[in-house]
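Dear colleague,

I am passing on a structure for you to look through at your own pace. Please open it first, and then read the notes below beside it.

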Amino acid sequence: MSATTLPSKNNSLGQRFADWAVIVVTLVGLLAGWLIKNSVENRSIPFTNSGISAQIPQGWLMTSAQGNEILHVTDPLSSGFGTTYTIEIMPVASEATVDQVVTQLTLQRGQTLTAYRVLEQQKVTVFGRAAYEIGYVYVESNPNLTHNQIPNIVRGLDYIFLNGDHAIVAAYWVDEKAFDSDLGRFHRFLNSLKF
Amino acid sequence: MKLHKMYHIWIGFTVLALSILACIGPTPVQPVPTQAPQAQPTQNTQNPGPSNNGQPATSRADLIKATVQIYGLFDINGKLTPKYSGSGTILSSTGMILTNAHVASPASQGETDMEPDALAIALVDKEDQPPVFLYFAKVKAVDGYLDMAVIQITSTLDGVNVDPNSLNLPYVQVGNSDSLHVADHINIFGFPGIGGSTITYTDGSVSGFTPEESLGDRAWIKTDAGIAGGNSGGLAANDAGFIIGIPTLASAGTDVKKITDCRVVQDTNGDGVVDDKDMCIPIGEFINAIRPVNFALPLIKAVQSGQAYTSPYGGPSQPISKGSGGETFGTITWYSTTGGSDCKVQDPISAYPSGTTSMAAAFSFSGMTNGEPWAEKWTVGGQELYSTMSNPVQWSSGSQGNTYTCLFNSQSGMPEGNYHIELYAGQDLKLLTQSDVVVGGGSNPVPSQPSSGQGVVTVSGQVLDGDSMNPIPGAQIFILNPGINFAQWKTDQFANADIFTFATADNQGNFQLPDKLALNVGYTIIIYAEGYKVTYGDNLSWTSQDPVNFQMTVKLSK
Amino acid sequence: MPDQVCCVCGDPASSKIGERWFCEKHYQSATRERTHTWRSSILLVVGLVVFVGIVYGLDLLIKPAFTPTELILAGLLLALVPAFIWMAFFYLQDRLEPEPKGYILGVFLLGAILASAVGIPLVDNLFHVSNWIYADTATTILGSILVVGFIQEFLKYAVVRYSIYLSAEFDEATDGVIYATAAGLGYATVLNLQYVIANGGVALGSSVIRMVVVALAQASFAGITGYFLGRAKFEHKPWWWMPIGISLAAVCNGLFNWLRGLLVQRGISLTGASTNPWLGLVLAAIVALISMGLILWLIRRNIHTALAEK
């Protein structure tokens, strides 16, 4: 008899059970790992200011609010341009339309951001709430001029929400390479925005 | 070797993949569907502006792309704020725009206090969305009597000058307004309201012509089309797609404009609310008169040939140069300051000590106009240190008073030497005042060195991966204020206020902390790098035994 | 006498170990003392450490100036060395170890293939482990065990279980350890190759430490799985035996990675010596020796018990 025939004992019920059990245990382990990953990535702390509350990612550096900007947090662990969320409050006339805020905002951004280009703008609903979205890009003007560093291309998204006598602008600035991968986290932040 | 029952594995991974896909939920951001289907398919380019690649407009969509909205911007509290709006038409791929004189330069119509500090130009990207502001423009030729002006795009909104030849904007070709007849069809494009209204189209017919003194019988084209005030300066085109006139406020020039509507749009006084304490923006009455384009030909030709335009009708024709010609600056007095970029003046000083981090030159002024250009030039030891001569700044300190200008170098202090400052103002940048002052004891500029004996150390270094020894670009190095350790910073929610200084590693992993650290003080240093654990060292201090320029190599491990 | 067949080859069986019947030939094989396997394991570990010392010393003394391409090639070469050392030792023991070289090589390659096709994409591109695993200690440990540990150990298990396990060449418990270690080394080699390529060339002296650490670690944990597999094939083990085995291997994998991270990354000091990779090597060597020793001792004890029962 050839030495390579398979004795039937190898397919015993216990053996098959064991095979499946290993696969199940591995899948359970991976699932648990996935849940841990999600919970870690979504860790957030509450933030409240001027009647606006949100959940901001834990561990992000917070710059103290100045002027109209009430929130400015940056992810220190992102390479390239540090992913940043900001919330700005712009006073508007009570009967203002969102178009007016859009123009004000693009005018303001165009003057402060280098090589500001609008990619797209449209009315949207954000988690069921009416808003206006402006997608744009700019170049981070490198403050560290003494070092050879290629300036970063930053993509931005502004979401304008009208709220009575002011408009709330939630902005997302991210290195253009990380735009898609970090967008999910920003959507969770948007979802937590309450006013 | 048999690879039996590998399907166990594949089934396992399929289950895994499916369960992962199931985690992807509904889209959080949904675009709002457009209400009405568009009559004509639009060219949906991503970037507003260069869509025709510098070709003349031939279709309605092209005419839309060549119509621009113009804002008159005024420097209020340091911010450029719009006070009025109008429309314009691009006449060349290089960004030459035709509009009304009262849109480009209200001073030409006698309203000097409405003369803007800047003109912003917005182009249409999508027809159903507000136009996007992209450029600043300057007045090149203006005729106050005709109420026509030609302006030229000069820079993008961030202040960077553009090369007109690189603009490639869509443009409208100039038609012959003398060949118009009564009952001819006219198409009017423009932006009726202030603040983000989308481009509007109205059409009508030539209902007749109106004479005006010195201008002949065809001074005005009358139309039955209803044109809202913001359309002023915009495009009136015939059916062939040629511009034949500019919709103009009928009461421009001699009559008093009846302002029927003045709307508050922006928080101009900065108090956090938009109310009647803020400046309101006049929305004019309806227009029904169009200035024929043939009158604009001399202005267009003058701008194209680079010559100054003179109005044959006696109206103001020079672009109003900001600056009365009577600007004066007083003698400069030097002041000690609070240091660094903070630079608040303290006391008059005759010479600066070496290592000073900022210098302030104070002077009185008169005859200035907000918005006029002014420039400064600093030299030390005969070599230019800082100058805004090639890019003059807009004056914003009022017409007379006292002010000061500051120069600072927080990192290593101002270089020692004999300083000379010159201040210029006016359209032609006349030298108005100059002064000399000495920093330190030396007479020649010395390359800035960390001042010895002051108990500080400059820290720089490199961040590497511990195994591969490759640099980690983009690593962030933070130093916290003395006395705060990492755990405490964490409870402070990583507040920016706790950070003493920070730097980012460049492509070679090199960094230098911009602020010097004091000796014998415990600092916490933290390094963030993507893909690595946050690494820190608490309570590190440098002593006088350490070199003044301290180099450290930090290795991170995964 | 009932017609018993050998559980390995199907030939008529005459002897029994535990519940299983063996023919004469395979009985001899199963009960043979395998002291030389322990010896070759020690030699392997020592050989790898010596290799690290040689490369590190050469790099320090000669400081070769490579062009970027040469650096990558040198790095790739280094990545392959631990596997070669092991293979060399294995062949040297050839007359006592009749495992077919072809099968060993095949399992090694399978381990390598699964690492590059499944293991690395899962860890890096699906789970993006390096982004979140360092958030805090608990996350690091759990993440290393549940994600990295299970993925790596399951793949190495699968390589053995679904190929050589079914063959008659796998005729004793030690074979499980041997083949699993081959799969582990294949996996480690691909990890090291990818490390060199992804970094575009690495400093040879310090990287060789890392490479050997990876090789030793992967081989050790695979050995655990192999031990469980080996015993499962030849004894009636309950259905939870193998899952426990793979979980144990995953736990050891995860804990090792976390411990190594702790030992190697010292935190920042002004003297700049913020990492100490040698500690990682020491840890890996100790872990390898202990796990190999423990496994082989367990197998030997098992055989003795079975023989004593007879």
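**Domains and one interface**

In this predicted model, the centres of domain 1 of chain C and domain 2 of chain C, taken over C-alpha atoms, are separated by 34 Å. To find these two parts in the sequence, note that domain 1 of chain C covers 1–30, while domain 2 of chain C covers 35–309. Chain A is likewise divided, into domain 1 (9–42) and domain 2 (44–192), and the centres of these two domains of chain A, again taken over C-alpha atoms, lie 41 Å apart.

The rest of this message concerns the place where chain B meets chain C. There, 36 residues of chain B are in contact with 36 residues of chain C, and between them the two chains bury about 3,000 Å², of which 65% is on carbon and sulfur atoms. Nine residue pairs are found in polar contact across the interface of chain B and chain C, and the count of salt bridges between these chains is one. That salt bridge joins B:Asp467 to C:Arg260, with the closest N and O atoms 3.8 Å apart.

Which elements of chain B each supply at least two residues of the side that touches chain C? They are helix 1 (7–22), strand 32 (523–528), strand 33 (535–540) and strand 34 (549–556), and the largest share, six residues, comes from strand 34 of chain B. Sorted by kind, the residues on this side of chain B divide into 17 nonpolar, eleven polar and eight charged.

With best wishes

Key
Residues are numbered from 1 along each chain as its sequence is written. Chains are lettered from A and ligands numbered from 1 in the order in which they are written. This is a predicted model: local features need pLDDT of at least 70, side-chain atom pairs count only at pLDDT 80 or more; totals for chains, interfaces and linings use all residues. Side-chain values use heavy atoms; hydrogens and water are left out. Domain bounds come from an automatic or database domain assignment. Contact means heavy atoms within 4.5 Å. Buried area is the accessible area (1.4 Å probe) that two parts lose on being put together, summed over both. A salt bridge is a side-chain nitrogen of Lys or Arg within 4 Å of a carboxyl oxygen of Asp or Glu. A polar contact is a pair of N or O atoms within 3.5 Å; within protein, one must be able to donate a hydrogen and the other to accept it, and residues adjacent in sequence count only if both atoms are side-chain atoms. Helices (H or I, at least four residues) and strands (E, at least two) are DSSP runs, numbered from the N terminus. Ala, Val, Leu, Ile, Met, Phe, Trp, Tyr, Cys and Pro count as nonpolar, Asp, Glu, Lys and Arg as charged, and the others, Gly among them, as polar.
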